[in-house]
Amino acid sequence: MALKVTIDNRTVEVEPGTTVLNAASQAGVYIPHLCYHRKLSIKGSCRLCLIEVEGTPKLQPACSTLVCDGMRVKTDTQQVKDARRAVLELLLLNHPLDCPVCDAGGECKLQDYVFWYGRGRGRFVFEKRTFAREDVGPFVSRDMNRCIHCTRCARFAAEVSLAEDIGVFERGDRTWVGPYPGKELRSPFSGNVTELCPVGALTDRVFRFKARSWELTDTPSSCPLCPVGCPTLLQTRDGRILRIRTREKSRTPWICDLGRFGFAARREETRPTVMEDGRQIEVPWDVAAQMVAGRLRTISKESGPESIGVVCGTLATNEELFALQHVFRNVLKCGSVSFGPRTPAPASHEQRRVLEDALRAQGRAGDLVGCDSVLLLCADPYEEAPVAGLKLLQALGLASSGAGEVGEAVGVVGAARDSARGGSAVRITALGPRRPEPPSVQTTWIAATPQDCADMVKRLALELANMCEGTGTARTHGDTGKAQATGGPGTTGTAGTLKSAAVEGRELGSELGFWSTSRKLGIVVGGELVGSSLVYGVLASVLRVCAARSALGVETVPLFLFGSGNARGALELGVLAGQSRAGSGGRGDDSGGGVSDGAGFREQMDAAAGGKLRALFVFGLDPLAECYDRAKVEEALKKVDFLCVQSDTVNETAGMAHVYLPLQSVFGRKGSFVDLEGRLTGLSAEQSPQGEESLLFGLLRTVCEARGVATELDKAEAIFSYMKGRYGWNLNENLKALSDSEGVFPDGSDGRSGNGQDVGSKRVPARAASRDARAASDSVSWKRPPRAWLLPRDFEGEARAAGRGAAGGSAGAPVRGAREPGPPPQEAEEFVLLSGRAGVSRSVWARDVSGHPKIPKSLFVEISRADAERLEICEGESLEVTSALGSVRTAAVLSESLMPGAVFVPFGFPGPGPGVLAGSGDEVTVVRVRKVGVGAEC
């Protein structure tokens, strides 16, 4: 029932539960406010929104007063004006008058309100209260003298990000806001407080003193640095990005620090170079491009197209991925196109099928609403894809999704915070080497290596399949499957007898039973598993869990964190699976029978070492910094007759290249990405001397001309239009409209249905909806997934025979390298090596976006604090990590979340990394750690 309210003689109908402030906004009446924010709980502390309500003797705060039917409100009476003027005068008592040097000048609410409603002259003539300047974090600069105690930042930390790293301290005129003792603003969402602050108390350190707000031009775009693809607002001056902010009222009102500050990574504009007598010399662009085209043509004639390979990075746009495949697969007839040096390519048709099924089954964070259990497999969404992690917490009711909105209860603070501390019925279990962030969320953490996580999900899948067999709902491979699931003949089943494979001596029967029977289970698979050799076994096991639970009448929502950047786009476009449709024909037109059609980076390096791969084109990445078994890869690259690298920096691999070609930053190229949910998002390019069109297109045009082939696919807009027709995307948007929007689904839906079929809250991904003949008969609803998922795959049997599968192992078998969080490892200096991308909080470090002295600009090794204390290792101390392949010397970072007995060495930093220590086929790498220097904080 709608309520009628009259505000300043304007009558408007609103829903019950609406506040006067929101009702006034609907009526077109502006009420000033400082502490209120539409996505935070209501505090009512600034008292600037006081209004006069007919029949009420005192002024009321509009932000927390609920509308009643027939209410009459006045916002411009003399009493209201006097109250506003008094509040503003009190706020200015100790506020410094430094607007000319304040970064918030021009977008400061206090400045505007004083101009509109304040006194013309201040009456406070005494000495102002002042605070000393203190460092609060690498990306946020604080000036407490400007703070008006609105508590927006503290409410954001407590209710939304759940980091709880900033709070309000002291009382009265000594009140101050800042980090808790011993903490800094280091959460993946720390930069959002600079946008929330209505004054200049918390400002953006990266943007500081670079421009005024009125000098900036706003351009809608999307973030390409993680797979979530958040809508963003590029703020540019003279075409160059100076700041990135969130879009007003977008589907993602918060963005992570990587998306906010990652653009500022230092980069130098380079020129093409060619290797001559061991030296790189600069040459004009057309000379370098002609050399590339000529060498590829010569090698193709001499050794065949199978002697040419391509490897591309995660930040390639859809248009670049399509153009690469179109030229190399169709023009050069080369099938050896891989995606990233650590992403394993499917080795069989079954593995390709599993990958495609996983794409179709992919859930969304919002689908987890109503889950009573969530299983995290080597996943830390809050750090891997922070906005996806935040949406997951909101879907589970653990984080605020926006109190104060129309129709929501107001005036109640801390409900989300209480549930996060244990009041929620959601049971979150994390299997992996790291306790997921944020620590304020109650999570059952079972320390386990990635191999052990794969083992346990496989056991869960086979147990569920046997339960289906017992009820007559579905069948596996008979007695063989049952024996594998239960640990051998004569046992009573996993749920009753299985000991933890990750924590010695701990019963997992109740955990497995709960995952089997929970009403709605969410399974989140982390990028560490997706990017490992275990990926296809894990995907098959998760799909089997979904199918078995569906047959048992309960729901499952799988969520796969597919890599970084445009990894989902590469999978959708068939780069990894070797099933591109970039050409005009079918599968046969796309390949010339390369080294191995759809071969991965590992197979390419084997071919190069054996002399079968003579030319390699590397696009948008540094394989030496990202690969395993670095020495082997470096030797293979040296054996390649022709190595061409195109990247936005002159990295280590580029230093070995026979021809190096520059490339714009991903922020300088037009194009589109595919986010985790399968949504197309558009990128707006900043202006640069190199232009907005990717320099890759010019190179590919030269290659085509050298082969006598004409192509019109040399501009992002033209390629996007061609792709819409080729893939049957039901879109009216061009790239400009796509970047202005918040992203669209390729099938033209809103993401709730696909291809005209009812799939619940699931959509049919682009490849399945538009190109697969079996999409109509084998489409996925996570309530009724295909029963074919229940059957074990042939490659799983091969893995077991090779000793890589653990489903057939005995129950209660100890797990390699895993230890319960607490007891120290038996051998003090031996550790299990973990590697992968650093979480967002530390990934920003690698981009060198801030000159903050506490941010490491080079590789680090992370070790648990318990191990560090036992071995007397201090923060910043130099450690030497040694394996059978080599050693790395770097600084120590102590961690509260890493399991004892393991060390983590991240990819992505310049110079030798975990690739020096681990081989590409290694499942477990044991390293030794010793101190070689003195720490900064002992």
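These are my notebook entries on a pocket, a surface patch and one strand residue, looked up in a model that is predicted.

Entry one, the pocket. I looked up the second largest pocket and noted a volume of about 1200 Å³. Its lining counts 43 residues, and those closest to the centre of the pocket are His 37, Lys 109, Arg 152, Glu 195 and Glu 248. I then sorted the lining by class and wrote down 17 nonpolar, eleven polar and 15 charged residues. Going by secondary structure, I found that helix H1, helix H5 (192-196) and the strands E9 (202-204), E11 (231-237) and E12 (240-246) each supply at least two residues of this lining, and that H1 gives the most, with five residues.

Entry two, the patch. I next turned to the surface, where Tyr 30, Phe 115 and Trp 116 make a nonpolar patch of about 430 Å². I traced Tyr 30 to the loop that runs between helix H1 (20-27) and strand E3 (50-53). Is Tyr 30 buried or partly exposed? I recorded Tyr 30 as partly exposed because its relative accessible area is 44%, a value that lies between the 20% limit for buried and the 50% limit for exposed.

Entry three, the strand residue. I located Leu 3 in strand E1, which covers residues 3-7. Leu 3 has a relative accessible area of 13%, and I therefore noted it as buried, the cut-off being under 20%. For its surroundings I checked Thr 18, which is 15 residues from Leu 3 in sequence, while the C-alpha atoms of Leu 3 and Thr 18 are 9.2 Å apart in space.

Key. Residues are numbered from 1 along each chain as its sequence is written. This is a predicted model: local features need pLDDT of at least 70, side-chain atom pairs count only at pLDDT 80 or more; totals for chains, interfaces and linings use all residues. Side-chain values use heavy atoms; hydrogens and water are left out. Patches are made of residues with over 30% relative accessible area and no salt bridge: like charges are joined within 9 Å, nonpolar side chains (Val, Leu, Ile, Met, Phe, Trp, Tyr) within 5 Å. Accessible areas come from the Shrake-Rupley method with a 1.4 Å probe; for residues, only the protein chains shown count as cover. A salt bridge is a side-chain nitrogen of Lys or Arg within 4 Å of a carboxyl oxygen of Asp or Glu. Helices (H or I, at least four residues) and strands (E, at least two) are DSSP runs, numbered from the N terminus. Buried means under 20% relative accessible area, exposed over 50%, partly exposed in between (1.4 Å probe, protein chains only). On a 1 Å grid over the protein atoms alone, a cavity is a set of points where a 1.4 Å probe fits but cannot get out, and a pocket is an open set with protein on both sides within 12 Å along at least five of seven lines; lining residues have an atom within 4 Å of a point. Grid points are joined across faces, edges and corners, and a volume is the space filled by probe spheres set on the points. Ala, Val, Leu, Ile, Met, Phe, Trp, Tyr, Cys and Pro count as nonpolar, Asp, Glu, Lys and Arg as charged, and the others, Gly among them, as polar.
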